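Me: I am in my first year and would like a close look at a single part of this model, the loop in which T56 sits. Please set the whole chain out beforehand, and afterwards go through some other places in it, slowly and with every term explained.

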Amino acid sequence: MTASTSERVQRPWGWFETLASGPGYLVKRLLIRAEQRISLQRHLYRSEHWVVVAGTGVMECDGESTTAIPGTTLFVPRGGVHRAAAVASDLEIIEVQLGTELREDDIERFSDDYGRVVKYFFNL
């Protein structure tokens with residue numbers, strides 16, 4: 001296991017930081033600001049497991065919505081179309097990625113509030 005002292009990576013919706021990584025896994029902490037959301041997206045090479053640790057919001061995967069409160073979990077299978085949104089308060093999620101390639105460009109965006117829609121790969 002590799003513990004990380006990485007800095008927060010700023011995004012239009014909030015920020016993320018890498019907490020730990022090892023062969024086949026990566027652990028991140030995400031903070032989605034109140035009234036913001038991440039893009040509607042999917043990944044080719046990884047699945048994700050989200051655990052809400054603070055705040056409130058909504059998590060979506062493959063057309064199903066789940067209320068996000070501390071303790072809520074969501075499994076996102078490889079290729080699952082998903083997003084998370086904060087409501088009145090910031091939403092904090094611990095994300096565990098599992099897969100063969102764990103990289104930031106493993107993303108296909110379908111909808112994005114910040115104009116970052118890029119559809120460039122894969123049929124599952």
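Reply: What follows begins with the whole chain, turns to the loop you asked about, and ends with some other places.

This is a predicted model, in which local features need pLDDT of at least 70 and side-chain atom pairs count only at pLDDT 80 or more, while totals for chains, interfaces and linings use all residues. Residues are numbered from 1 along each chain as its sequence is written, and side-chain values use heavy atoms, with hydrogens and water left out.

The protein chain contains zero helices and 12 strands, where helices (H or I, at least four residues) and strands (E, at least two) are DSSP runs numbered from the N terminus. Its pattern along the sequence is therefore β-β-β-β-β-β-β-β-β-β-β-β. The C-alpha trace spans about 35 × 35 × 25 Å along its principal axes. For 124 residues a compact globule would have a radius of gyration near 14 Å, and the protein chain, with 14 Å, agrees with this; the radius is taken over C-alpha atoms, and the globule rule is 2.2 Å times the number of residues to the power 0.38.

Of the 124 residues, 40% count as buried, a word that here means under 20% relative accessible area, with exposed meaning over 50% and partly exposed in between (1.4 Å probe, protein chains only). A contact means heavy atoms within 4.5 Å, and of the contacts with a separation of 6 or more, 62% are accounted for by residues 24 or more positions apart.

Now to the loop itself. T56 is found between strand 6 (46-54) and strand 7 (57-61). Is T56 buried or exposed, or does it count as partly exposed? Its relative accessibility is 30%, so T56 counts as partly exposed. If neighbours within four places in sequence are left aside, T56 is in contact with A68, I69, A85, A86, V87, A88, S89, D90 and L91. One of these, L91, is 35 residues from T56 in sequence, yet the two C-alpha atoms are 5.6 Å apart in space.

The end of strand 7 leads on to another loop, the one between strand 7 and strand 8 (64-68), where D62 is found. D62 has a positive phi of about 50 degrees although it is not a glycine, and with 47% relative accessibility it counts as partly exposed. A second residue of this kind is E35, a residue other than glycine whose phi is near 70 degrees, a positive value. E35 lies in the loop between strand 4 (25-32) and strand 5, and it counts as exposed because its relative accessibility is 59%.

L74 belongs to strand 9 (residues 73-76) and is buried, with a relative accessible area of 10%. Apart from neighbours within four places in sequence, L74 is in contact with E48, H49, W50, M59, E60, C61 and T66. Among them is C61, which is 13 residues from L74 along the chain, with 8.2 Å between their C-alpha atoms.

Some of the side chains are joined by polar contacts, each of which is a pair of N or O atoms within 3.5 Å; within protein, one atom must be able to donate a hydrogen and the other to accept it, and residues adjacent in sequence count only if both atoms are side-chain atoms. E17, in strand 3 (residues 14-22), counts as buried at 12% relative accessibility, and its side chain makes a polar contact of 2.7 Å with the side chain of R29. Not counting residues up to four places away in sequence, E17 touches S6, E7, R8, V27, K28 and R29.

R42, in strand 5 (residues 40-42), counts as buried at 15% relative accessibility, and a polar contact of 2.7 Å joins its side chain to that of E108. R78 lies in the loop between strand 9 and strand 10 (82-86), where it counts as partly exposed at 49% relative accessibility. The side chain of R78 reaches the backbone oxygen of L44 at 3.3 Å. R78 and D113, in turn, are 35 residues apart in sequence and 23 Å apart in space, C-alpha to C-alpha.
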